[in-house]
Amino acid sequence: MSALMGTASELPLDLRWRRAINAVLVLWTVGLVLAEVVLQVATGAAVLLAAILLVRGRLRLAPDVRAYVGASGVLCLWQAASPAVALLTGAAVSWPRGARYGQVLDSVAGAAAACIGAVGVPWLLLAGVLAGGWLLAALLGVFQNRVRWSVELPSFLKLNLGRLHENFGTEESPRYAAGGFFSHRLRFAHGAIAALGPALSVLGSADQARRRILAGAVVMGMLISIYNAFARAALGAALLVSVVALLLLVQGSARKMGLALLFALVAVVSMSPAWRTRMEKALGNIYGGEREHAMAVGWSLVREYPLTGVGFGNHKPAALATQDETGITDLLATDSHNLWLTVWAETGLVGLLLMLAMHGLLGRALIRRYRQGSIAATGALLSWVGFHILALVHYLPFHSSVYLSFSLIWGLGLCEGSERLRGREARQGHLEMEGAPGPTP
């Protein structure tokens, strides 16, 4: 592995560069649980640093990582150009909103994380920030689920407190939507799927009992957070990812105990009146409900503009243009409630094939590193599986906080050195990161 990828000690970068990259990775990890603006700032800095390092020829990436980075870049370029193509072909009548169009950079976020992570990753520090942050978010979610949130938040955070006032219980026994620090239950729950993969990977792979205990607590915190957010698709994805992790990483009585705990969680869900109501509405939402309606409108856009689409970020105005015929609402018009259908509608068959190529190359690279025993790649692969389960009923890139959370985990999964989480190698990796002398790799 080290013959294919440059490590921190092999790259001719001084300590200031390494500290800057470590600071960006830590800030990005903090953003996983704190605020979308933190994620966006960290991602922008990562993209800038990666571009500088690539232009200066200071990075050496494995061939499969280079392929993923290249596919991400081509997809980003096509997304950026697609609104102009849509205007030229008559598929669109205006440029997309600036905030929506700016999300083209999200497509290279995972590639940027993989590039700067090749310089060196402070694995233990990131693991500590992620674990501590999600445990705090889980506790906050428990409070929000039981108590109506009334604290006014600063306006610059642009958080909608109405999301925390949704009551999924009864007037006598209210159960409010928990959104953690994001104050948005779906961003909170879907972001938990991104972080769940690494937590499950450490739980199944760590060689020290205290790390497994901490990872188990984080996993339970995430599952409880999703439960308190009343996010049906996220809970289903979390359960499926947990089952996959048990089958891949655990054997014997530990696997049986894990499956029993998941079965107990399903039993708790089934006994909750609020959750029973949510699940009863789920099938109706897909078959004959809002999601089927949104998907039908998406298919109509695909049939009308199959090759180039209506332009990245133009799904909503294009869908609303069919309102007289389809009756689509302003809320449902944002996307087709499916990743692949929305990508096809916005960026055409060209964008769809590029998206398939990017995720195919990412999956192949992660599987290769999982087979080599990388903890980070195992966690990223589990998150990748969860992402694609959720993508069947959600267009996850619409919320940058969600997509950038997955992107960080995927990028780190392609970095070398996750084995440093184990015992003595972890301490040695920390010394090397700080510039202290250590044995030559």
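In the predicted model, Asp330 is partly exposed, with a relative accessible area of 45%. The side chain of Asp330 takes part in a salt bridge with Lys316, in which the closest N and O atoms lie 3.1 Å apart. Lys316 likewise counts as partly exposed, at 28% relative accessibility. Because Lys316 belongs to helix α13 (residues 315-320) and Asp330 to the loop between α14 (323-326) and α15, this pair ties together parts of the chain that are 14 residues apart in sequence.

The salt bridge between Lys316 and Asp330 belongs to a structure that holds six such pairs. In general, side chains of opposite charge can pair when their charged atoms come close. Another pair is formed by Glu36 and Arg187, whose side chains meet at 3.3 Å, N to O. Glu36 lies in helix α2 (residues 36-55) and Arg187 in helix α7, so this salt bridge ties together parts that are 151 residues apart in sequence. With a relative accessibility of 19%, Glu36 counts as buried, the cut-off for a buried residue being under 20%.

A further salt bridge joins the side chains of Asp64 and Arg368, with a distance of 3.0 Å from N to O. Distant parts of the chain are linked by this pair, since Asp64 is in helix α3 and Arg368 in helix α15 (residues 339-371), 304 residues apart. The two partners differ in their cover: Asp64 is buried, with a relative accessible area of 7%, whereas Arg368 counts as partly exposed at 28% relative accessibility. Salt bridges with shared partners join Asp64, Arg368 and Arg369 into one network. The surroundings of Asp64, which is placed in helix α3 (residues 63-89), also include contacts with Arg364, Ala365, Arg368 and Arg369, when neighbours within four places in sequence are left aside.

Considered as a whole, the chain contains 18 helices and zero strands. Of its 441 residues, 54% are buried. Among contacts with a separation of 6 or more, 75% are made by residues 24 or more positions apart. The accessible surface of the chain comes to about 19200 Å², and 65% of this surface belongs to carbon and sulfur atoms.

The interior was examined next. The largest nonpolar core has 108 residues, and those with the most contacts inside this core are Trp28 and Trp134. Helix α7 (residues 185-205) gives the most to the core, contributing 10 residues. Apart from this core lies another, of six residues, which include Val302, Val310, Leu341 and Ala345. When residues up to four places away in sequence are not counted, Trp28 touches Leu39, Ala42, Thr43, Ala46, Ala109, Ala113, Leu404, Ser407 and Leu408.

Ile21 is found in helix α1 (residues 15-31) and is buried, with a relative accessible area of 0%. Beyond its neighbours within four places in sequence, Ile21 is in contact with Leu49, Leu53, Ile116, Val119 and Gly120. Of these partners, Ile116 stands 95 residues from Ile21 along the chain, yet the C-alpha atoms of the two are separated by 6.5 Å.

Two helices were compared with the span expected at 1.5 Å a residue. Helix α9 (residues 232-249) has 18 residues and should span 26 Å; its end C-alpha atoms are 26 Å apart, which agrees with the expectation. The buried residues of α9 are Arg232, Ala234, Leu235, Ala237, Ala238, Leu239, Val241, Ser242, Ala245, Leu246 and Leu249.

Helix α12 (residues 290-304), with 15 residues, reaches 22 Å from its first C-alpha to its last, close to the 21 Å expected. Buried in α12 are Arg291, Ala294, Val297, Gly298, Leu301 and Val302. Because these residues cover an arc of only 145 degrees around the axis, they lie on the same side of α12. On the face of α12 turned away from this buried side are the exposed residues Arg303 and Glu304. Val302, one of the buried residues of α12, is also among the members of the six-residue core.

Technical notes: Residues are numbered from 1 along each chain as its sequence is written. This is a predicted model: local features need pLDDT of at least 70, side-chain atom pairs count only at pLDDT 80 or more; totals for chains, interfaces and linings use all residues. Side-chain values use heavy atoms; hydrogens and water are left out. A nonpolar core is a set of buried Ala, Val, Leu, Ile, Met, Phe, Trp, Tyr and Cys residues joined through side-chain atoms within 4.5 Å. Buried means under 20% relative accessible area, exposed over 50%, partly exposed in between (1.4 Å probe, protein chains only). Helices (H or I, at least four residues) and strands (E, at least two) are DSSP runs, numbered from the N terminus. Contact means heavy atoms within 4.5 Å. The expected span of a helix is 1.5 Å times one less than its number of residues. The arc is that of the directions from the helix axis to the C-beta atoms. A salt bridge is a side-chain nitrogen of Lys or Arg within 4 Å of a carboxyl oxygen of Asp or Glu. Accessible areas come from the Shrake-Rupley method with a 1.4 Å probe; for residues, only the protein chains shown count as cover.
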